[in-house]
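Visitor: Please take a close look at the cysteines for me. I would like the reasoning spelled out, and then a short tour of the surroundings.

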Amino acid sequence: MNQELIPVVDANDQFIENKPRREVHTLGLRHRAVHILVFNDKNQLFLQKRALTKDINAGLWDTSAAGHVDADESYAACAHRETIEELGVCVDATLTFLFKLPAKPETGMEFVQVYRCRHNGPFSLEADEIDDGQWFDIHDISQRAASDDTSLT
């Protein structure tokens, strides 16, 4: 997995070249990622607990689905792919762009486009990526994030 090629981009999110994932992370190069927030009809947020085998943020609670944008892939296409790969569901009809974060040390030098969608499950979690998944009350998660809860990415 760490040998996958991902696009390195400049400060304006313009493609420079493809490099191995491990090298991109080790050197702190700018690259692209997506995060998807899945809400159910009760307005609860589904979070995944990252597998302990992950090289970054292992065992921490993360957004519903996330991943690097592949070479020759758009942010939106990546968001669709990641929900299928990690959660086993297709949410194309409800996937909505929310905002984009700049690439900086706090984001792991990733330009991150964040999407929202609605799905009630059930999910088929990708075992190599995810150890657990749960629905959380959005107010509880907001409070935990505001207090810098170290169990969250």
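Guide: A disulfide is a pair of cysteine sulfur atoms within 2.5 Å. Keep that cut-off in mind. The model is predicted. Start with Cys-117. Its closest cysteine sulfur belongs to Cys-90, and the separation is 9.9 Å. The cut-off is 2.5 Å, so the sulfur of Cys-117 is too far from that of Cys-90 for a bond. Now turn to Cys-90. Its closest cysteine sulfur is in Cys-117, at 9.9 Å, which is again too far for a bond. A search of the whole structure agrees: zero disulfides turn up.

What about cover? Cys-117 has a relative accessible area of 3%, so Cys-117 counts as buried.

Phe-97 gives another reading. Its relative accessibility is 42%, and therefore Phe-97 is classed as partly exposed. Phe-97 sits in strand β7, which spans residues 96-101. Phe-97 also helps to make a nonpolar surface patch, together with Leu-98, Phe-99 and Leu-101. The patch covers about 330 Å².

Next, the hairpin of β1 and β2. Strand β1 runs over residues 5-9 and is mostly covered, with four of its five residues buried. Its partner, strand β2, takes in residues 15-20. The two strands pair in the antiparallel sense, over five bridges. Within this pairing, Ile-6 stands opposite Lys-19 of β2. Five residues lie between the strands of the hairpin. There, Asp-13 takes a positive phi near 65°.

To return to your cysteines: Cys-90 and Cys-117 stay unbonded to each other, because their sulfurs are 9.9 Å apart.

Key:
Residues numbered from 1 in each chain as written. Predicted model: local features only at pLDDT ≥ 70, side-chain atom pairs only at ≥ 80, totals over all residues. Heavy atoms only, no water. Buried < 20%, exposed > 50% of the residue type's maximum accessible area, 1.4 Å probe, protein only. Pairing = 2+ DSSP bridges. Patch = residues over 30% accessible without salt bridge, like charges linked within 9 Å, V, L, I, M, F, W, Y side chains within 5 Å. Areas by Shrake-Rupley, 256 points an atom, 1.4 Å probe, with all protein chains shown as cover. Salt bridge = Lys/Arg side-chain N within 4 Å of Asp/Glu carboxyl O.
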